[in-house]
Amino acid sequence: MRILLVTTMRNEGAFMLDWVAHHRALGVTDLLIFTNDCDDGTDLIAARLEALGLARHILNPRGGEKPIQWQALAAASKHPDFAAADWVIAADVDEYLVVHAGAGRLADLFAARPEATGFAVPWRLFGNDGVREISATPVPERFTRAAPPVLLWPFRARCYKAIWRNDGVFRKIGVHRPQGVERDRYQPATWVDGSGAPVPQDITKGMLPALLTETDQYGLAQWNHYVLGSAEDFLLKAWRGKPNHENEAIALDYWVANNLNSVVDESILPRRALSSDLRAELFADAELNELHQRALAWRKAKVAELLQQEAWLRLYCAVRSAGSTQVLPIEEQRALLRHHARVVRRQK
């Protein structure tokens, strides 16, 4: 069984080795890494992973009218590895898949619902929890506080990332879900959520099928989304900008919407043993280890540079002072969700 994972990266070198080891250990057999405009050696790490037979690296220089992430996904949809894959996933380096079923591998997830042709696995948003500095400690071990299992607002807390059977029903890879549906072949009833329950809407209609389902959807799997990182990491995220919404700034409202720390979720930690051997092998490679250290040093130096500029210093001070985001009463969450839906409809 071939499982393809597609990712796009810019200046993510400090996180790559742990993230690659984690997902390869889960059962990913083919990894496509697209890189663009890297200052920290992310592209060099990807090239070394390719030389070791652990990934394919594709340079994705900025160009054309499409946002840079969509540009990469369009290329991935035409790549031979996509055509050869049995299952397909698209994910970012701040997203870690956690499989609760069986021994914690993708094969266990598929075996839990063998009739499923797709899994709409929901995000679990992890907050900053007061962490200030960039660190070499792997992300899943630094951040263990997250959103509660049932959360309707902010609405992106109910977003998902799809894992789908590549049976020809979808022709293209999307950021959250497959694209290019063959409508006469698509069967909505064969898609399930992270608990294996039927997805309550046609997944081709949007990335939020679970909005009105006030249940814990993490029974079989979840995507741990470490969307903020440390305060210093967030500063770099804001400086880089959004890969597929380049005109939208990442500012304090983004921090507030995502800094959810109300419950402890350490479910990924026992699964870390799956990837321990591969992690050790990657860091034992002299070239990879040196590139990793250089990427980490670049992040620290870039933060120091940004903090000499008043606008970035103001943002840094604001996020350090903001505290954890309050989880609103469920009735207020429902009201905001309905109001947001009306606003979005009017704008279309």
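**Strand pairing and packing around β6 and β1**

Strand β6 pairs with strand β8 (residues 160-165) through 5 bridges, with the two running antiparallel. This comes from a predicted model, as does everything below. One of the pairings between these strands puts Phe119 together with Ile163, its bridge partner in β8. Parallel company comes from strand β11 (residues 191-193), which is joined to β6 by 3 bridges. Here Gly118 takes Trp191 of β11 as its bridge partner. Strand β12 (residues 221-225) is also a parallel partner of β6, again over 3 bridges, and in this case Arg124 finds its bridge partner in Asn224. As for burial, β6 covers residues 118-125, and 8 of its 8 residues are buried, so the strand is largely enclosed by the rest of the structure.

Asn224 deserves a look of its own. This residue sits in strand β12 and has a relative accessibility of 0%, well inside the buried class because that class takes in everything under 20%. The Asn224 side chain makes a polar contact of 2.9 Å with the side chain of Tyr226. Leaving aside neighbours within four places in sequence, Asn224 is in contact with Asp94, Glu95, Tyr96 and Val98, and also with Arg124, Phe126 and Ile268. Arg124 thus turns up in two roles, as a contact of Asn224 and as its bridge partner from β6.

Strand β1 (residues 3-9) tells a similar story of burial: 7 of its 7 residues are buried, so β1 too is largely enclosed by the rest of the structure. In a regular strand, side chains alternate between the two faces of the sheet. For β1, both faces are covered, with Ile3, Leu5, Thr7 and Met9 buried on one side and Leu4, Val6 and Thr8 buried on the other. The strand has parallel partners in β2 and β4. With strand β2 (residues 30-35), β1 shares 6 bridges in the parallel sense, and Val6 has Leu32 of β2 as its bridge partner. With strand β4 (residues 87-90), there are 4 bridges, also parallel, and Leu4 lies opposite Val88.

Moving on to the helices, α9 (residues 276-284) and α10 (residues 286-306) have axes that come within 5 Å of each other and cross at roughly 85°. An angle from 65 to 115 degrees counts as roughly perpendicular, so that is how α9 lies relative to α10. On the α9 side, the contact is made by Leu282, Phe283 and Ala284, while α10 brings in Ala286, Leu288, Asn289 and His292. By residue type, the contact of α9 with α10 has 5 nonpolar and 2 polar residues, and no charged ones.

Finally, there is Gln179, a residue of strand β10 (residues 179-181). Its relative accessibility of 24% makes it partly exposed, because the buried class stops short of 20% and the exposed class begins over 50%. Not counting residues up to four places away in sequence, Gln179 touches Trp70 along with Phe170, Arg171, Lys172, Ile173 and Gly174. Gln179 and Trp19 are 160 residues apart in sequence, and their C-alpha atoms are 25 Å apart in space.

Technical notes
Residues are numbered from 1 along each chain as its sequence is written. This is a predicted model: local features need pLDDT of at least 70, side-chain atom pairs count only at pLDDT 80 or more; totals for chains, interfaces and linings use all residues. Side-chain values use heavy atoms; hydrogens and water are left out. Buried means under 20% relative accessible area, exposed over 50%, partly exposed in between (1.4 Å probe, protein chains only). Two strands pair if DSSP finds at least two bridges between them. A polar contact is a pair of N or O atoms within 3.5 Å; within protein, one must be able to donate a hydrogen and the other to accept it, and residues adjacent in sequence count only if both atoms are side-chain atoms. Contact means heavy atoms within 4.5 Å. Axes are lines fitted to C-alpha atoms, for helices over the stretch in contact, and angles run from 0 to 180 degrees between N-to-C directions. Angles under 35 degrees count as roughly parallel, over 145 as roughly antiparallel, 65 to 115 as roughly perpendicular and the rest as oblique. Ala, Val, Leu, Ile, Met, Phe, Trp, Tyr, Cys and Pro count as nonpolar, Asp, Glu, Lys and Arg as charged, and the others, Gly among them, as polar.
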